[in-house]
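User: I would like to learn how to read some features of a protein structure. Please give the general idea each time, and then the case at hand.

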Amino acid sequence: QAQLVQSGGGLVQAGGSLRLSCAASGSFVRLNAMGWYRQAPGKQRDYVASITSDGTTTYADSVKGRFTISRENARNTVNLQMNSLKPEDTAVYYCKADATIILGTRVVSWGQGSQVTVSS
């Protein structure tokens, strides 16, 4: 499986920027799509952005034009650059990876979560 370790996040004022990173390790053959989700207190976990293995990106409407997802395949890393942050972006952000392991089995892994707090 893939173990995902997140870094980044923190506290920033509205309008500021933060960057999240997520590094995958483990016994997988291939990392397929990778992405980011977020969960605000008392709410469900929502989709933020994703990127395929060939670099195709997709974003939630709420973050389009402000967030940029990227990946470094050689380092098995996915990043989320967050600009023009708003208080409503406050949440715990989770990295997700779809990995192919032995015999073509696909598994989904999640990172440990990173707190992002945007003050008004």
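User: Is serine 84 buried, partly exposed or exposed, and what is its relative accessible area?

Analyst: The model is a predicted one. Partly exposed covers the range between under 20% and over 50% relative accessible area. Serine 84 has 40%, so it counts as partly exposed. This serine lies in the loop that connects β8 with β9 (91-100).

User: What is the sign of phi at serine 84?

Analyst: Most residues other than glycine have a negative phi. Serine 84 has a positive phi of about 50°, although it is not a glycine.

User: What is phi at leucine 103, and where is this residue found?

Analyst: Leucine 103 has a phi near 60°, again a positive value in a residue other than glycine. It belongs to the loop between β9 and β10 (106-110). With a relative accessibility of 85%, leucine 103 counts as exposed.

User: How do I read a sheet, and what is the order of the strands in the open sheet of four strands?

Analyst: Strands of a sheet pair through backbone hydrogen bonds, either parallel or antiparallel. Here the order is β1-β3-β8-β7, and the pairing is antiparallel. β1 (2-8) and β7 (67-72) are the edge strands; each has a single partner strand, so one side of each has no neighbour in the sheet. On average, and ignoring direction, neighbouring strands of this sheet are turned by 15° against each other.

User: How many bridges join the strands, starting with β1 and β3?

Analyst: Take the pairs in sheet order.
- β1 pairs with β3 (residues 18-26) in the antiparallel sense over seven bridges. Glutamine 6 has cysteine 22 in β3 as its bridge partner.
- β3 and β8 run antiparallel and are joined by six bridges. Serine 21 stands opposite asparagine 79 in β8.
- β7 and β8 are also antiparallel, with six bridges between them. Isoleucine 69 has leucine 80 in β8 as its bridge partner.

User: Which residue takes a positive phi in the hairpin of β7 and β8?

Analyst: The hairpin has four residues between the strands, and asparagine 76 takes a positive phi near 50° there.

User: Why can strand β8 be called largely enclosed by the rest of the structure?

Analyst: In a regular strand the side chains alternate between the two faces of the sheet. Strand β8 (residues 77-82) has six residues, of which five are buried, so the rest of the structure largely encloses it.

User: Is asparagine 79 buried or exposed, and with which side chain does it make a polar contact?

Analyst: The cut-off for buried is under 20% relative accessible area. Asparagine 79, in strand β8, has a relative accessibility of 2%, so it counts as buried. Its side chain makes a polar contact with the side chain of glutamate 72, at 3.0 Å.

User: How is empty space found, and which residues line the largest pocket?

Analyst: Rolling a probe the size of a water molecule over the atoms shows where empty space is left. The largest pocket holds about 160 Å³ of space. Among the residues that line it are Arg38, Gln39, Lys43, Asp46, Tyr47, Pro87 and Glu88. β4 (30-39) and β5 (45-51) are the elements that give two or more residues to this lining.

User: How many residues of each class are in the lining of the largest pocket?

Analyst: The lining has four nonpolar, four polar and four charged residues.

How values were computed
Residues numbered from 1 in each chain as written. Predicted model: local features only at pLDDT ≥ 70, side-chain atom pairs only at ≥ 80, totals over all residues. Heavy atoms only, no water. 1 Å grid on protein atoms, 1.4 Å probe; cavity = no way out; pocket = protein on both sides within 12 Å on 5 of 7 lines; lining within 4 Å. Points joined across faces, edges and corners; volume = space filled by probe spheres on them. Nonpolar A, V, L, I, M, F, W, Y, C, P; charged D, E, K, R; others polar. Pairing = 2+ DSSP bridges. Axes fitted to C-alpha atoms, helices over the stretch in contact; angles between N-to-C directions. Buried < 20%, exposed > 50% of the residue type's maximum accessible area, 1.4 Å probe, protein only. Polar contact = N/O pair within 3.5 Å; in protein donor to acceptor, adjacent residues only side chain to side chain.
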